[in-house]
Amino acid sequence: MGISNATKQAVCEKYRTYVEIIYRLGNKEMLMKQLYQYAELLGIARNFSSFYNSIMELVHAEVIRKEPFVAFGKKTQLQMLSLRKYAIRFIEQKPDSNSVASLPKTNSNERILLSIFKNYYIINKVIPRVKREMGEVSFESIVKMLNRDYSTILFSKNQGIPFLSGLRNDKKLQHILNIEGIDQCLGRMWEIKQKHLDGFRRGSSMSEGKGRGNIRSSSHSPLADLEELVDARVAKDLTKEEKIDYYTIDTMLSFNAFIAQIKVKDGKINVTVLIFDIHNKQNIYRTVTHIACIYNMFSRFFNSEFLLKIGIVSIDDSASRNLKSQAEYKPVDFNSKERKASRLSTILKEWRVDDIMQKQIDVQFVDYNITNDFLDGIKHANLIRR
């Protein structure tokens, strides 16, 4: 006999904070190790034993799913937690299970890897600020701090429209925003979204009713899969100039690049962006082209100069040093035999960021020690995604 909805509802109510953290801070999926860190920081678990009992109660009530965390083809000692349909329905306040989509089974572990990076940032960078500036650490205070920072950390792919719409209408930022530039970006994202929706509806109508259901606004739906395919085709057809001019918040999110903070102090605009190299690609050319596009995009959003701080976040120190070495490498000119500008500077210049603009960009190479903390210290060489 299955678990009744009444039982599931009661367990969701009892452990609402855990369910909310997994849903909002983990995008419905989170390592149990990181959830326990939240439980400690928020003071909702006396010890690991009581925390684990709570998790197992959620598991047995079929509210969450617990399974081994497999990274880069290797099973680790850690466990990952994902919300089941009823938990998603509970948070979204939907009337029935047909109104929500369950988390898809995928061959890629991108979702959980991204959750690890995001929550490492929140736990180690955001919560200390919450303690200093707000005093009490709670789920609500964490979300409030991220919203105050104008951060996109909690946004998923294809959620650029709600973020940018909120930014556009923020009263505190009106004096620095170029509304025309923002509206152009919003227009592009709306146009792309509408084309994808039209294509999805045409595909559904051709299925002769088989497997048809409600079109949902979910980052893990057939629409999202279609968008990724369309985006991949479109990207191949765009020229370099078009890639720069058409770059949007959605493009940025798709590259796992997130706004950590937009801060205005003494009339000066500071934008901090984190680029998570979750797949350990260590591709400096692709990364720097995105930095150039991000800079050009923000130059359309603001009506004055701004400082762009970029943190390129790798899985460990070895990967970070490798990327930094690639960026700082200065090739020798064949004719003059002199060292040219660094690869970082050269690529930026090729992508419409000249020497003067580059003075407004500060690139830092950092790591979150993911290998040792979450991947059982697997050797760096074994993590290269093939």
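Colleague: At roughly what angle do the axes of helix 2 and helix 5 cross?

Modeller: Keep in mind that this is a predicted model. The axes of helix 2 (residues 16–25) and helix 5 (residues 85–92) cross at roughly 95 degrees and come within 10 Å. An angle of 65 to 115 degrees counts as roughly perpendicular, so helix 2 is roughly perpendicular to helix 5.

Colleague: Which residues make that contact?

Modeller: From helix 2 you have Arg16, Val19, Glu20 and Tyr23, and helix 5 brings Ala87, Ile88, Phe90, Ile91 and Glu92. Sorted by class, the contact of helix 2 with helix 5 has six nonpolar and three charged residues, with no polar ones.

Colleague: Let's move on to helix 15. Which of its residues are buried?

Modeller: Buried means under 20% relative accessible area. In helix 15 (residues 343–350), Leu344, Ser345, Ile347 and Leu348 are buried. Look down the helix axis and the buried residues of helix 15 fall within an arc of 165 degrees, so they line one face of the helix.

Colleague: What do those buried residues pack against?

Modeller: Three helices and a strand, so to speak: the buried residues of helix 15 pack against helix 13 (284–301), helix 14 (317–328), helix 16 (355–358) and strand 7 (361–367). Just past the end of helix 15, have a look at Arg352, which takes a positive phi of about 65 degrees.

Colleague: Where does Asn296 lie, and is it buried or exposed?

Modeller: Asn296 lies in helix 13. Its relative accessibility is 6%, so Asn296 counts as buried. Setting aside neighbours within four places in sequence, Asn296 is in contact with Ile244, Trp351, Arg352 and Val353. Arg352 there is the residue with the positive phi just after helix 15.

Colleague: And how should I read Ile161? Which residues is it in contact with?

Modeller: Ile161 lies in helix 8 (residues 160–168) and is buried, with a relative accessible area of 9%. Leaving out neighbours within four places in sequence, Ile161 is in contact with Leu186, Met189, Trp190 and Lys193. Also check Ile249: its C-alpha atom is separated from that of Ile161 by 7.9 Å, though the two are 88 residues apart along the chain.

Colleague: Zooming out, how many helices and strands does the protein have?

Modeller: The secondary structure comes to 17 helices and seven strands. Of the protein's 386 residues, 47% count as buried. Among contacts between residues at least 6 apart in sequence, 68% join residues at least 24 apart. As for the surface, the protein exposes about 19,900 Å², and carbon and sulfur atoms supply 48% of it.

Methods. Residues are numbered from 1 along each chain as its sequence is written. This is a predicted model: local features need pLDDT of at least 70, side-chain atom pairs count only at pLDDT 80 or more; totals for chains, interfaces and linings use all residues. Side-chain values use heavy atoms; hydrogens and water are left out. Buried means under 20% relative accessible area, exposed over 50%, partly exposed in between (1.4 Å probe, protein chains only). Helices (H or I, at least four residues) and strands (E, at least two) are DSSP runs, numbered from the N terminus. The arc is that of the directions from the helix axis to the C-beta atoms. Contact means heavy atoms within 4.5 Å. Accessible areas come from the Shrake-Rupley method with a 1.4 Å probe; for residues, only the protein chains shown count as cover. Axes are lines fitted to C-alpha atoms, for helices over the stretch in contact, and angles run from 0 to 180 degrees between N-to-C directions. Angles under 35 degrees count as roughly parallel, over 145 as roughly antiparallel, 65 to 115 as roughly perpendicular and the rest as oblique. Ala, Val, Leu, Ile, Met, Phe, Trp, Tyr, Cys and Pro count as nonpolar, Asp, Glu, Lys and Arg as charged, and the others, Gly among them, as polar.
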